[in-house]
Number of protein chains: 2
Amino acid sequence: MTPQEMKTLLKERGSKVEDWLAGCCDGREMPPRLRESMLYSLQAGGKRLRPVLCMSTAGMCGLAPESVLPFAAAIEMVHTYSLIHDDLPAMDDDDLRRGKPSNHKAFDEATAILAGDGLLTDAFWFMSGMDMPAERVLAALREFAFAAGSPGMVGGQEWDMIFTGMESITLDQLRLMHSMKTGAILRASCTCGALLAGVDASRLKAIGQFGAALGVAFQIADDILDVVSDTATLGKPAGSDAEQGKNTYPKMLGLDQSRQLARQYADDAKAALQGFHGREAEFLAALADYTVNRTA
Amino acid sequence: MTPQEMKTLLKERGSKVEDWLAGCCDGREMPPRLRESMLYSLQAGGKRLRPVLCMSTAGMCGLAPESVLPFAAAIEMVHTYSLIHDDLPAMDDDDLRRGKPSNHKAFDEATAILAGDGLLTDAFWFMSGMDMPAERVLAALREFAFAAGSPGMVGGQEWDMIFTGMESITLDQLRLMHSMKTGAILRASCTCGALLAGVDASRLKAIGQFGAALGVAFQIADDILDVVSDTATLGKPAGSDAEQGKNTYPKMLGLDQSRQLARQYADDAKAALQGFHGREAEFLAALADYTVNRTA
């Protein structure tokens, strides 16, 4: 699949996710201010990479990608909650997110905390409402909750808070932090698609390896972009990692070695897909390349 | 069932929940500070009313109450997360909780936010791991997620933030806020036990009515206690509602009428149990009385 075809499909699937997210608060009573705050962050843009991964692995395993849309979009709700909470004054204290005021700046801190709590909780409501065999839905939901919880994303953010500003950390600590903070959800986005499709253990394992390698490649590329890109392109302050004393791959390994490492992980991700064929497998391989070649 | 027998059983079931909670972070890797922060609030005491309701309705519907313990205790994890987030400086800014420094005082604000996020997410992991028919587990989890999310507890807390300090609100607004903030979870604690037991629609409806009425009785009693009790007995500052400009039943209706209303809802709760018999039904009826007669 050419990079252009990949981008077209990524955009097409991302649009479906955005359409779904735009309606995710309909039909349920809630305070209008809370609804606005949730929708504000859900509609702030982004690549929608996680839900697209979920839809595409489901597609690669024999389901229609759109059939897992509510589950996939709920993953994006959880990703969005994590961004809202990460931006809070007590956390990274970021005033900008994707070129717009962060949630607690656009609303207020209490509403931002609650919008995050609401997105997280509501995501599990959507996941549990999937019209598919209950065993599969439950297995996928459980996989996702582990990846998003204290042994995954939440724990990774706590490590990030602890490590930020420390004089030095080891490469192993950096790896651990990222594997929990961003890696776990990226990996679970892939495995959840496979679990919803009821895939066998060996294919599930391969898809897990793909997701884990892609997650590392993605994070290294993110760290590199914070150094080499500019604020307008990124939609968030470039150079903010260094300013906040964040530990990053470029800081620890330098830019060249970081680039090589990202490339290597993207190749590992593609290698994990060896046993899969067809358009969805090609798309996922192209996504792995895109992860390290992107400019924002 | 005598009040004394009820208290003994409440304490016995509460102890089982506490034992389970004490081990809920075992066997999963997470930052030690996050684990300590989660356990600190989980082990701060409390009546464990919500998980006991879940175990007892499951028992009333034919299951062994202990068989739903992980699901019931996970409800307490969600209740605990809500207390941690409610106490944050941006929310109620409470320094004390159950006689001890609140979580963000004992740790730090970032860790408190993350401990809450972790408890909430991990709760769904535990719920989805229940070794019971997948359809039942999924139905209970979905019921609970709705009650805890933006159309329930989270939305109720947002209303509370909006209403606090407003010159006046209507009794309907007060009712709406409480039915979402505390009522939804109390009700769902009851219906989840019934759903896990695979109860039929008419019994589920009756149990939902019991839980809803009990929830209102509980909240009115809580408001009354804040006025008439003292800080040592409550384990949180007495009179804090008035100080924070909170809208309460005593403020709107006076103490006498509030007491009558609480009594009436407790009676409604008991009436909803008419079709149920046996020890668990008697226990739940006694719990409804306790809800309005308690002193803390």
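**Exercise 1. How many of the 20 residues of α6(A) are buried?**

*Solution.* The structure is a predicted model, and every step below rests on it.

Step 1. Consider the extent of the helix. α6(A) has 20 residues and reaches 29 Å from its first C-alpha to its last. This is close to the 28 Å expected at 1.5 Å a residue.

Step 2. Consider the burial. In α6(A), 19 of the 20 residues are buried, so the helix is largely enclosed by the rest of the structure.

**Exercise 2. Determine which elements of chain A touch chain B, and describe that side of chain A.**

*Solution.* Step 1. Count the residues. Chain A gives 44 residues to the contact, and chain B gives 44 residues.

Step 2. Assign them to elements. On the side of chain A that touches chain B, the elements that give two or more residues are α2 (32–42), α6 (109–128), α7 (134–148) and α8 (153–163) of chain A. The most comes from α6(A), with 13 residues.

Step 3. Sort by class. The side of chain A that touches chain B has 25 nonpolar, ten polar and nine charged residues.

**Exercise 3. Identify the symmetry that relates chain A to chain B.**

*Solution.* Step 1. Chain A is superposed on chain B by a rotation of 180 degrees with 0.0 Å of shift along its axis, and the RMSD is 0.0 Å.

Step 2. That is the relation of a two-fold axis.

Step 3. The same surface serves both copies, as 100% of the contact residues of chain A recur in chain B.

Step 4. Among the residues of chain A, A:A134 comes closest to the rotation axis, with its C-alpha at 2.7 Å.

**Exercise 4. Establish how far α7(A) is covered, and by what.**

*Solution.* Step 1. Check the span. The 15 residues of α7(A) should span 21 Å at 1.5 Å a residue, and the end C-alpha atoms are 21 Å apart, which agrees.

Step 2. Count the buried residues. α7(A) is mostly covered, with twelve of its 15 residues buried. Among them are A:V137, A:L141, A:R142, A:E143 and A:F144.

Step 3. Find the cover. Within chain A, what covers the buried residues of α7(A) includes α4 (69–87), α6, α8 and α9. From chain B, the cover includes α6 (109–128) and α7 (134–148).

Step 4. Relate the helix to the core. The largest nonpolar core has 200 residues, and A:F144 is one of those with the most contacts inside it. Others in that group include A:F71, A:A217 and B:F71. Leaving aside residues up to four places away in sequence, B:F71 touches B:C54, B:M127, B:M130, B:A140, B:C192 and B:L196.

**Exercise 5. Test whether the span of α9(A) agrees with expectation, and locate its bend.**

*Solution.* Step 1. Helix α9 (residues 171–196) of chain A has 26 residues, which should span 38 Å at 1.5 Å a residue. The end C-alpha atoms are 35 Å apart, which agrees.

Step 2. The bend lies at A:G183, where α9(A) turns by about 50 degrees.

Step 3. α9(A) is mostly covered, with 20 of its 26 residues buried. The helix is followed by A:G198, whose phi is positive, near 70 degrees.

**Exercise 6. Classify A:A213, A:T233 and A:R98 as buried, partly exposed or exposed.**

*Solution.* Step 1. Recall the cut-offs: a residue is buried if 20 or more other C-beta atoms lie within 10 Å of its own, exposed if 12 or fewer, and partly exposed in between.

Step 2. A:A213 has 24 other C-beta atoms within 10 Å and is therefore buried. A:A213 is found in helix α10 (residues 201–228) of chain A. Not counting residues up to four places away in sequence, A:A213 touches A:Y265, A:D268, A:A269 and A:A272.

Step 3. A:T233 has 13 such neighbours and is therefore partly exposed. A:T233 belongs to helix α11 (residues 231–234) of chain A. With residues up to four places away in sequence left out, A:T233 touches A:T295 and A:A296.

Step 4. A:R98, with 14 other C-beta atoms within 10 Å, is partly exposed. A:R98 lies in the loop between β1 (96–97) and β2 (100–101) of chain A.

Step 5. Note the backbone of A:R98. Most residues other than glycine have a negative phi. The phi of A:R98 is positive, near 50 degrees, and the phi of B:R98 is likewise near 50 degrees.

Terms used
Residues are numbered from 1 along each chain as its sequence is written. Chains are lettered from A and ligands numbered from 1 in the order in which they are written. This is a predicted model: local features need pLDDT of at least 70, side-chain atom pairs count only at pLDDT 80 or more; totals for chains, interfaces and linings use all residues. Two residues are in contact if their C-beta atoms, placed from the backbone, lie within 7 Å. Helices (H or I, at least four residues) and strands (E, at least two) are DSSP runs, numbered from the N terminus. Ala, Val, Leu, Ile, Met, Phe, Trp, Tyr, Cys and Pro count as nonpolar, Asp, Glu, Lys and Arg as charged, and the others, Gly among them, as polar. The expected span of a helix is 1.5 Å times one less than its number of residues. The bend at a residue is the angle between axes fitted to the seven residues ending there and the seven starting there. Copies are superposed by least squares on the C-alpha atoms of residues with pLDDT of at least 70 in both. A nonpolar core is a set of buried Ala, Val, Leu, Ile, Met, Phe, Trp, Tyr and Cys residues joined through C-beta atoms within 7 Å.
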